[in-house]
Protein chains: 2
Amino acid sequence: MSADIIPLHDRRSDPSLDPMLALTAQGMNAVNSVILGRMQSEIPLIPALAGHLISGGGKRLRPMLTLAGAELVGYQGSRHHKLAAAVEFIHTATLLHDDVVDGSEMRRGKAAANIIFGNPATVLVGDFLFSRSFELMTEDGSLKVLKILSGASAIIAEGEVDQLTAQRRIETSEQRYLGIIRAKTAALFAAAARIAAVVAECDEEKEQALDEYGRNLGVAFQLVDDAIDYDSDAAAMGKDRGDDFREGKMTLPVILAYARGSEEERAFWRDAIIGHRTSDADLDHACALIARHDALSDTRDRARHFAQRAVDALAIFPDGKARQAMVEAARFAVARGY
Amino acid sequence: MSADIIPLHDRRSDPSLDPMLALTAQGMNAVNSVILGRMQSEIPLIPALAGHLISGGGKRLRPMLTLAGAELVGYQGSRHHKLAAAVEFIHTATLLHDDVVDGSEMRRGKAAANIIFGNPATVLVGDFLFSRSFELMTEDGSLKVLKILSGASAIIAEGEVDQLTAQRRIETSEQRYLGIIRAKTAALFAAAARIAAVVAECDEEKEQALDEYGRNLGVAFQLVDDAIDYDSDAAAMGKDRGDDFREGKMTLPVILAYARGSEEERAFWRDAIIGHRTSDADLDHACALIARHDALSDTRDRARHFAQRAVDALAIFPDGKARQAMVEAARFAVARGY
């Protein structure tokens with residue numbers, strides 16, 4: 001099979017998620033109906049809390065990857081709808097637990113579930129959705145899919161614990177940071193894309209290619225998320241700018257600015273990351289230091305590198321609507337918030 | 001197959017878990033080595049936190065049920081070791097999340113994980129163990145076991161949310177309370193016992209019988225746990241007496257004492273359950289009211305009823321060491337803390 005070279009940069013249009021949305025619109029209706037059906041319970045607090053997050057927007061990018069992957073490999077069945085819902089349930093459970101872990105106040109532009117419903121209910125409804133996701137996979141019956149997604153879940157949890165361990169530790173290296181985001185974010189992107197090849201019974205090469213597309217896209221996505229948290233010009237993300245800063249999270253913009261900083265600047269970062277500088281003026285100063293050392297644009301450059309690798313992984317697939325939408329999604333991932 | 005009548009009361013000896021421990025000792029070595037091997041991670045905080053709870057004692061009753069069930073049906077293989085470890089991981093994940101939900105200070109006689117490691121790490125390591133349990137099941141490869149245990153996990157989470165909803169609500173009925181403990185405790189006991197019949201490829205009748213044994217034993221076990229929390233004579237449980245009282249949990253001793261109380265007593269309970277009476281003197285008064293209305297001994301009577309049903313479910317199996325140990329375990333469940 002000949003491999004195309006697909007350019008990430010395309011000056012003809014602004015990057016957009018629209019082709020991906022159009023490609024998966026019909027399938028996403030089916031996925032959404034699984035999601036809504038399976039978040040139900042006789043315990044009213046469960047759909048109330050889960051629905052607060054699930055109906056609160058969110059791009060549902062991960063299930064969309066499963067659907068787009070299925071289009072790409074020409075899958076004709078409907079098994080992927082249930083599995084895409086399982087992927088979104090794992091993601092939702094993770095978000096609910098993250099909000100408890102971080103003490104978040106906002107999520108997707110509204111009050112976070114833990115603020116409205118409290119930490120206890122938020123933890124337990126996360127557990128419920130996580131269990132439901134395994135019920136959905138078990139109903140589908142593919143042990144290969146179960147292996148991929150249970151493995152990804154364990155890796156996500158490890159990545160979250162690793163991030164917690166690195167929190168407020170200024171000495172965190174870029175390599176460690178990349179390891180954390182590969183685990184906490186990219187593993188589920190990879191699994192979401194890969195299972196499309198599994199249900200379509202593709203060969204190992206295609207499975208691997210979809211895995212690489214998802215994994216690299218996930219890293220790019222997280223890098224841009226982390227950049228936006230320090231980008232005063234960025235479009236509203238539905239979370240407060242500076243969350244990572246105030247939580248002492250070591251993300252790439254900080255790692256780069258610290259590495260390139262003067263001794264005085266480094267002293268500021270050390271203070272800030274352990275939580276001694278949390279005012280709006282401190283955040284403005286942090287953003288200024290990050291800008292001075294090109295740490296935001298370099299973070300975006302790194303993201304572009306991973307997005308290009310995601311796109312490269314698609315070269316073995318024939319050109320067409322699905323591949324074009326997935327390339328465009330990678331361009332969009334990098335351009336977000338500009 | 002003729003069904004025996006097996007008496008729960010046996011005056012020849014004090015009830016003991018020893019026969020169960022002896023029956024499963026060798027198998028539990030294998031289970032423990034799976035548990036220790038699979039709680040490892042490159043992220044050091046994970047084995048540290050998980051090990052704090054896992055090596056901190058605990059009877060490992062649930063995996064023991066899987067092993068005893070396997071003995072009962074004459075299973076000769078070793079698949080049940082991994083699955084029993086998966087059951088214990090689900091239980092451990094639940095305990096970790098419970099401690100966060102309840103703000104527990106003690107667990108198994110030592111400081112709870114959330115006190116030592118904080119809520120964030122405790123939530124995330126629970127997620128990790130939960131994921132690992134599904135990895136273990138997937139490795140085993142039985143979709144039937146996966147269905148049983150993913151279903152049980154969802155029911156446990158529903159039961160926990162239901163309990164949270166009933167907390168500090170004096171009007172909680174005995175029926176609702178029984179529904180809660182069936183879900184949060186008995187579902188995993190039932191699943192743990194049932195999967196022994198699944199790996200041994202028993203017929204549906206035996207599977208169902210083991211399920212009923214586990215389910216009724218689980219209800220009996222939880223009822224006695226709830227009684228012990230108000231029993232000043234009870235042996236130390238490794239948690240503080242009065243935890244349920246201070247957390248405003250509606251358990252059967254309280255439900256019975258409230259139903260049978262005078263108007264003045266009911267006013268006390270209403271105050272106590274919403275959290276306005278939390279002193280040691282209040283707890284002593286609560287215990288006195290419970291004693292006055294025989295609510296502790298009646299709770300234990302209910303437990304005896306469920307333990308007898310557990311034992312009755314074993315009647316279809318041939319008499320022998322395994323059945324005797326399981327009958328004795330049911331007697332022990334009821335007699336604990338006397």
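**Entry 1: D282(A) and R277(A)**

I looked up D282(A) and found that it counts as buried, because its relative accessibility is 14%. I was reading a predicted model throughout. The side chain of D282(A) meets that of R277(A) in a salt bridge, with 3.7 Å from N to O. R277(A), for its part, is partly exposed, and its relative accessible area is 31% or less, namely 30%.

**Entry 2: other salt bridges**

I then asked how many salt bridges the structure holds over all chains. The count is 52.

I picked out D140(A), whose side chain meets that of R79(A) in a salt bridge at 2.7 Å, N to O. This pair links distant parts of the chain, since D140(A) sits in helix α6 of chain A and R79(A) in helix α4 (residues 79-102) of chain A, 61 residues apart.

Conventions: Residues are numbered from 1 along each chain as its sequence is written. Chains are lettered from A and ligands numbered from 1 in the order in which they are written. This is a predicted model: local features need pLDDT of at least 70, side-chain atom pairs count only at pLDDT 80 or more; totals for chains, interfaces and linings use all residues. Side-chain values use heavy atoms; hydrogens and water are left out. A salt bridge is a side-chain nitrogen of Lys or Arg within 4 Å of a carboxyl oxygen of Asp or Glu. Helices (H or I, at least four residues) and strands (E, at least two) are DSSP runs, numbered from the N terminus. Buried means under 20% relative accessible area, exposed over 50%, partly exposed in between (1.4 Å probe, protein chains only).
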